[in-house]
Amino acid sequence: MRELTLPPKSRVLLRHLETTGHITSRSAIMDHSIGSLTKEINRLRNFGIKIDTVTKYHPITGQRYADYVLVRDPENYRSLPDFLSHRLWRNVNGPAQMSL
């Protein structure tokens, strides 16, 4: 049986979400050279990783943007493949949320 693996950009994105808890398109492009964040988010969701989309508005321009937030609920990791569930389970409580 072939083990499921994440592509390199998806692994980078998952590591970012595990560390910070969220990501925006701007951060994905500037920090990780991920041009299609939506595609990578959908790929992670297809692996069973729960990610919420929060619509936000820029305080000055009023422009709408999506902030993708990793759901840190232990129940969400029970159905994941072993190589993901073990890794995410230990990060459920994660670092403190950063305020802007």
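The following paragraphs lead through a predicted model, from its sheet to the helices, the largest pocket and two individual residues.

The sheet offers a convenient starting point. Strands of a sheet pair through backbone hydrogen bonds, in either a parallel or an antiparallel manner. Here the sheet is open and has 3 strands in the order E1-E3-E2, with antiparallel pairing. E1 and E2 occupy the edges, and each has a single partner strand, so one side of each lacks a neighbour in the sheet. On average, neighbouring strands of this sheet are turned by 30 degrees against each other, with direction ignored.

The two pairings may be taken in turn. Strand E1, residues 22-24, pairs with strand E3, residues 64-70, in the antiparallel sense over 3 bridges. Within this pairing, Ile 23 stands opposite Tyr 68 of E3. Strand E2, residues 51-57, is antiparallel to E3 and is joined to E3 by 7 bridges. One position in E3, Arg 64, is the bridge partner of Tyr 57. E2 and E3 together form a hairpin, with 6 residues between the two strands. In the turn of this hairpin, Gly 62 has a positive phi of about 80 degrees.

The helices can now be placed against the strands. H1 lies across E1, E2 and E3, and runs at about 125 degrees to E1. H2 also packs on the sheet, where H2 touches E1 and E3. The direction of H2 makes about 85 degrees with that of E1.

These elements reappear around the largest pocket. Rolling a probe the size of a water molecule over the atoms shows where empty space is left. The largest pocket has a volume of about 510 Å³. It is lined by 20 residues, and the closest to its centre are Thr 24, Arg 26, Ser 27, His 58 and Tyr 65. Helix H1 (8-20), E1, helix H2 (25-32) and E3 each contribute at least two residues to the lining of the largest pocket. H2 gives the most to this lining, with 5 residues. Sorted by class, the lining comprises 6 nonpolar, 9 polar and 5 charged residues.

His 22 merits separate attention. This residue lies in strand E1. Is His 22 buried, partly exposed or exposed? His 22 counts as partly exposed because its relative accessibility is 23%, and the partly exposed class lies between under 20% for buried and over 50% for exposed. With neighbours within four places in sequence left aside, His 22 is in contact with His 16, Leu 17, Asp 67, Tyr 68 and Val 69. The C-alpha atoms of His 22 and Leu 70 are separated by 6.0 Å, although these residues are 48 residues apart along the chain.

The last residue to consider is Ser 33, located in the loop between H2 and helix H3 (37-46). Most residues other than glycine have a negative phi. For Ser 33, however, phi is positive, near 55 degrees, in a residue other than glycine. Ser 33 counts as exposed because its relative accessibility is 55%, and exposed means over 50%.

Definitions and conventions:
Residues are numbered from 1 along each chain as its sequence is written. This is a predicted model: local features need pLDDT of at least 70, side-chain atom pairs count only at pLDDT 80 or more; totals for chains, interfaces and linings use all residues. Side-chain values use heavy atoms; hydrogens and water are left out. Two strands pair if DSSP finds at least two bridges between them. Helices (H or I, at least four residues) and strands (E, at least two) are DSSP runs, numbered from the N terminus. On a 1 Å grid over the protein atoms alone, a cavity is a set of points where a 1.4 Å probe fits but cannot get out, and a pocket is an open set with protein on both sides within 12 Å along at least five of seven lines; lining residues have an atom within 4 Å of a point. Grid points are joined across faces, edges and corners, and a volume is the space filled by probe spheres set on the points. Ala, Val, Leu, Ile, Met, Phe, Trp, Tyr, Cys and Pro count as nonpolar, Asp, Glu, Lys and Arg as charged, and the others, Gly among them, as polar. Buried means under 20% relative accessible area, exposed over 50%, partly exposed in between (1.4 Å probe, protein chains only). Axes are lines fitted to C-alpha atoms, for helices over the stretch in contact, and angles run from 0 to 180 degrees between N-to-C directions. Contact means heavy atoms within 4.5 Å.
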